[in-house]
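Here is a friendly walk through one model, written for someone who likes cut-offs stated alongside the results. Please keep the viewer open while you read.

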Amino acid sequence: MEALIELGQFILQNLINALQRGSFYAVISIGYSMVYGVLMLFNFAHGDIFMVATYIGFGIATLFLALFTGFLPGPLIFLATVVVTMFLASWVGVFVEVAGYRPLRSAPRASAAITGLMIGIIFETGILILLGAKRLNFPPLMESISYNVGGIYFTNVKVMIIIISLLLMVALHTFIQKTKWGMAMRAMSYDFLAVPLMGVSINIIAPLTFAVGAGLAAVAGILYGQAYPILDPYMGVILGWKAFVAAILGGRGSIKGAALAGYLIGFIEIFVATIFPSTLRDLIAYSIILLILTFRPRGFFGMEHSTKLRL
Amino acid sequence: MKKLACLVVVAFAFAMVFSPSAFSARKTIIKIGINAPMTGDIPKVGEGSKYAALLWLEDIEKAGGLEVGGKKFEVELVIEDNESKAESAVKANTKMITQDDVLAIIGPQSSKQAVPAGEVANKYKTVMISPWSTNPATTLDRPYVFRGCFLDPFQGPVVANFITDEFAFTKAAVLYDVASDYPKGLAEVFKAAWEKKHGAGSVVAYQSFTTKDTDFSSQLTQIVKSGAEVLFTPQYYNEVPLIVRQAKELGWKGPIVGSDSWGSAETVELCGEPCYGLYFSSHYAAAGAKGATKAFIDRYTDNYGYIPDDVAALTWDALQLAQQAIQDAGKITGKIEKDRTAVKDALTKIKNFAGITGNMTFTPEGDPIKCAVIVKINDNGEYEFYKSSCP
């Protein structure tokens, strides 16, 4: 009995760990998935947009903490940081679309994919030149309090990360399903040649999609800064790749799918590292994903016509 | 237009042939290569190496050059960034040896880069002194490769003994990066030393992760569950804050002990209060230093605004060693291969060299015999001398 309780605690503890990790993959992968859905291209710069957004968040958080501490309540500073960072980061997304992808819209898809990689490298080295290689410490926007409930440890930050991520995804889902702009995005992802003829401008929808993706990445960045407060210019690369895998696994343009796949990758990673040596973690995790894709080549919720993709 | 282009090309060609660098090759400048991580995972380490080297160069320039056999030679530093990557460190060494004609190389700092880069230096018969690499493989069977610090087979037992004496614990956990030479080697040595003291199975959790991981929750959950009393984690300053924080969040109550890789000035700055009161083994402790060590610390602090970490101090010592060896070699012939071998021979003969990180005498393997110190991070976030341990 004792052993059983202990095992239960152990599993629950890892479940919470996995939920936190999975939240990041899920929120970032939605950015990939949306662009992939609307424009049928992989925005490989998204991981680095996340990185830039985190640095913007770092700047805003430091500024606001210096200006408003003791003057505004902590949660309000947090909220203000999130809103301002989201706003600024969406312009980074718009910039990437307008400067990087728009000139290549009629070029072969491979050119656009390479552009994404290059924009990513420009961002990484840009930050490196601007701020130097020094690691930055993301300031805590709320005091981390550790709780112990029945032998399971979690912090308020962890709970907040999980809840905010879920709220974001629900909000985005509502936006896509219920608003006119969302409808335009869905229409565009259905056929991006015919829809512009109906008076929906791709030059508005495409930057909007990038802006929403970057805005999400900004929230993810601030939350990431709370959970793993060491920032470096290459932090977006691996996270970006994993989120990209989640987007593919979720199915083209599917928010639900990307979120689900993001959490799944988080779970597989944490539990594989628990049972096997960590060297096998990525091997096992991605073998499982490969297996899933073999049987469901379009991912969990991929639409039939996504075979049109020409990469 | 075409003519103009031609003219430009010809002008460039002339400029290249008759540029000062082409001349200087004949004037015999002593070039010292610095192979350090200026960018990448641990840029603070590269910065410390560079600053220490610049202070050394300042001294040389003040003296009007490096005097060898009654003649003064101009000294030039060639600083190459190894991006904290093994392959870049190899490339940097190859470039410095074959293109820049350096007489000796200082660096790379971490074993991950020093082990493969040492191979290159030895192959080209060029003296390489790694100030900070503690993995035995760096100098093993490489007559041209030296180091400025103690080795992991010494450091591991020092830490194991310290924990046993200080806390009387019998169950330890280890968390280390399996993809990096230094943490992996030291984790193995520590495990062996601990189990020798407390019996097989006394390392109750032996968990690994991979470079660039930021989430250690599954490993730490297992460590907490294992009932270990102390956690040993020989990681670098970019990982230590995350490990310490996540461990505390997951209910870890015991002490966390580190190794000399914690010694960077950045560890405490990034980690903050959660790291106060923790211990690590190191090469020197800045707080409370005396004599030449203090002079170096003060000078460095005046110039660069922060207290030098162990890497800076070891780099300083390595440069002094190189200087001593070059001077002991007696003369610079200008034939680089011959000079390099002469420097190597001189270096092996150095006895009781008084460095700011302790006295050094080289073993035939190119490793110095020197003491280790246990440093405590005090409540002001300073590195305080706690006790020392000599071989």
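The buried residues of H7(B) pack against five elements of chain B, namely helix H5 (111–123), helix H6 (152–167), strand S8 (172–177), strand S9 (203–209) and strand S10 (230–232). Two residues are in contact here if their C-beta atoms, placed from the backbone, lie within 7 Å. Helices (H or I, at least four residues) and strands (E, at least two) are DSSP runs, numbered from the N terminus.

Some ground rules before going on. This is a predicted model, in which local features need pLDDT of at least 70 and side-chain atom pairs count only at pLDDT 80 or more, while totals for chains, interfaces and linings use all residues. Residues are numbered from 1 along each chain as its sequence is written, and chains are lettered from A and ligands numbered from 1 in the order in which they are written.

**Helix H7 of chain B**

Helix H7 of chain B covers residues 181–198, 18 residues in total, and spans 26 Å from its first C-alpha to its last. That is close to the expected 26 Å, a figure obtained as 1.5 Å times one less than the number of residues. Which residues of H7(B) are buried? They are Asp181(B), Tyr182(B), Pro183(B), Gly185(B), Leu186(B), Ala187(B), Val189(B), Phe190(B), Ala193(B) and Trp194(B). Buried means that 20 or more other C-beta atoms lie within 10 Å of a residue's own, exposed means 12 or fewer, and partly exposed is in between, with C-beta atoms placed from the backbone. After H7(B) comes Gly199(B), with a positive phi near 90°.

**Sheets and strand pairs in chain B**

Strands of a sheet pair through backbone hydrogen bonds, either parallel or antiparallel. In this report, two strands pair if DSSP finds at least two bridges between them. Chain B has an open sheet of five strands in the order S4-S1-S5-S6-S7, with parallel pairing. Its edge strands, each pairing on one side only, are strand S4 (75–81) and strand S7 (145–147) of chain B. From one strand to the next, the twist averages 25°. Helix H3 (residues 43–62) of chain B packs on this sheet and touches strand S1 (30–36), S4 and S5 of chain B, and its direction makes about 165° with that of S1(B). For such angles, axes are lines fitted to C-alpha atoms, for helices over the stretch in contact, and values run from 0 to 180 degrees between N-to-C directions.

Three strand pairs are set out below.

| Strand pair | Sense and bridges | Facing residues |
|---|---|---|
| S5(B) (104–106) and S6(B) (127–130) | parallel, three bridges | Ile106(B) and Ile129(B) |
| S11(B) (256–258) and S12(B) (279–282) | parallel, two bridges | Val257(B) and Tyr279(B) |
| S15(B) (372–377) and S16(B) (383–389) | antiparallel, six bridges | Ala372(B) and Ser389(B) |

S12(B) is covered on both faces, with Tyr279(B) and Ser281(B) buried on one side and Phe280(B) and Ser282(B) buried on the other. The hairpin of S15(B) and S16(B) has five residues between the strands, and Gly381(B) there takes a positive phi near 75°.

**Backbone details in the loops**

Between S5 and H5 of chain B, the loop holds Pro108(B). A cis peptide bond links Gly107(B) to Pro108(B), with omega about -15°. Glu83(B) is not a glycine, yet its phi is positive, about 50°. Glu83(B) sits in the loop between S4 and helix H4 (86–98) of chain B. Is Glu83(B) buried or exposed? Glu83(B) counts as buried because it has 20 C-beta neighbours inside 10 Å. Lys125(B), also not a glycine, has a positive phi of about 55° and lies in the loop between H5 and S6 of chain B. With 15 other C-beta atoms within 10 Å, Lys125(B) is partly exposed.

**Domains and chain contact**

Chain B is assigned domain 1 (28–150 + 291–370) and domain 2 (152–282), with bounds from an automatic or database domain assignment. Their centres, taken over C-alpha atoms, are 29 Å apart. The contact between them takes 17 residues from domain 1 and 17 residues from domain 2 of chain B. On the domain 1 side, H3, H5 and helix H12 (310–328) of chain B each supply at least two residues, and H5(B) has the largest share, three residues.

Between the chains, the contact takes 24 residues from chain A and 27 residues from chain B. On the chain A side, H1(A) gives the most, with five residues.
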